[in-house]
Amino acid sequence: MTLPTDPVANLAALIRCASVTPAEGGALSALEDMLKPLGFSVERPVFSEAGTPDIENLYARRSGNGPHLMFAGHTDVVPVGDESSWTHPPFAAEIAKGEMFGRGAIDMKGGIACFIAAVARHVDRTGGPKGSVSLLITGDEEGPAINGTTKLLEWAAAKGEKWDASIVGEPTNPETLGDMIKIGRRGSLSGSVIVNGRQGHAAYPQLADNPVRGLLSLVEGLLHPAFDKGTTDFQPTNLEVTSIDVGNPATNVIPAKATATFNIRFNDTWTAETIQTEIHNRLDRAAKRKKYRTGKKTPVDYELVWRDRPSHVFLTRDDRLIEALGGSVQAVTGRTPALSTSGGTSDARFIKDYCPVVEFGLVGKTMHMVDERVALADLETLTQIYQRFIEDWFERGLPDHAFVG
């Protein structure tokens, strides 16, 4: 029986599946074919919710007597954009000059391919780890993230699954493999501020109430002063206004309404609830200012609408997990990886509610770009890191009372 020990072959099989979110595209079937020869049981639940596409997911487990390690990731990929701009077809997995081209090569079919190869090598060499290994793979990370990891975790937990640690294979390295391990993430929250005014002729402003003036006050109140100076583990909180719109095609009409949309990335100075309260307070104070509304006696009439669910800030403090992964990176690459909480959100924000979680994967320079590609040498290096990590993490063991999987 041939085991999937070659990450290059594994990745080629996955890239050739056009799994543009929300389509499964054959990627989960390819994974199932790789995992079953390794002794994994495989289940592929489909989750649904009104107004969102149905999503097929995969949960695979190789059971053993000992701690339980979960690898998490996603097989869905972003659209290819202008396919004619690609040097190599985006779903052909062609190799040129030591690199494999294809959508998902970096984000994040490459990480999955390497982890499976690492497990296969470990099984081939030792017969398997001293415990359980599972893969929790969604098809909804690049989409709404509603019918994917959150529901897959709930589904598995309801079946009695428990995990001692998790590694997410997202591309975490900015320049070179071994640069960075993500041990946490800032929280994320989005909202819209809607200012209600009175429509009128631009030549007769006294008869109208321009909502843009009020919105300027509110935006200034959101941006200044700085929310904090950062903490030991996190960079400063930052709020960015991402859109301002009045929906007004006419140049001589004062609009009736103006909207600003924003996103805030907050550190562990705040919780989602306290940062929402701070934003409300800032808007209330700014609404009373007269800087842009000379002569107006009433506060700015505004509404604040929160968009989607907040992502909560988290920091992993599991020394055993971090030291095993950091030591493996150093042993294979000679580099000491930075422990970082930078960047956006990932599915680790859901997993942290079930077990300690870190992120480590390939170099992210070409993810989501035309000609997304990965160096074959990096695939081999990442496989060696994962293999050493698996061996080290299970060898370290857990106290008997800590076995939960």
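The structure, which is a predicted model, holds zero disulfides. A disulfide is a covalent bond between the sulfur atoms of two cysteines. For C17, the closest cysteine sulfur belongs to C114 and lies 17 Å away, which is too far for a bond, given that a disulfide requires the two sulfur atoms to be within 2.5 Å. C17 is also buried, with a relative accessible area of 10%, and C355 likewise counts as buried, at 6% relative accessibility.

A second topic is one of the sheets and the helices that pack on it. Strands of a sheet pair through backbone hydrogen bonds, either parallel or antiparallel. Here three strands form an open sheet in the order 6-7-21, and their pairing is antiparallel. Strand 6 (95-96) and strand 21 (373-375) stand at the edges with a single partner strand each, so one side of each is left without a neighbour in the sheet. Strand 7 (residues 99-101) is joined to the antiparallel strand 21 by three bridges, and within this pair M100 stands opposite V374 of strand 21.

Two helices pack on this sheet, helix 1 and helix 9, and the table sets out what each one touches, together with the angle that its direction makes with that of a named strand.

| Helix | Residues | Strands touched | Angle between directions |
|---|---|---|---|
| Helix 1 | 7-15 | strand 6, strand 7 and strand 21 | about 15° with strand 7 |
| Helix 9 | 376-396 | strand 6, strand 7 and strand 21 | about 65° with strand 21 |

Conventions: Residues numbered from 1 in each chain as written. Predicted model: local features only at pLDDT ≥ 70, side-chain atom pairs only at ≥ 80, totals over all residues. Heavy atoms only, no water. Pairing = 2+ DSSP bridges. Helix = DSSP H or I, 4+ residues; strand = E, 2+ residues; numbered from the N terminus. Contact = heavy atoms within 4.5 Å. Axes fitted to C-alpha atoms, helices over the stretch in contact; angles between N-to-C directions. Buried < 20%, exposed > 50% of the residue type's maximum accessible area, 1.4 Å probe, protein only.
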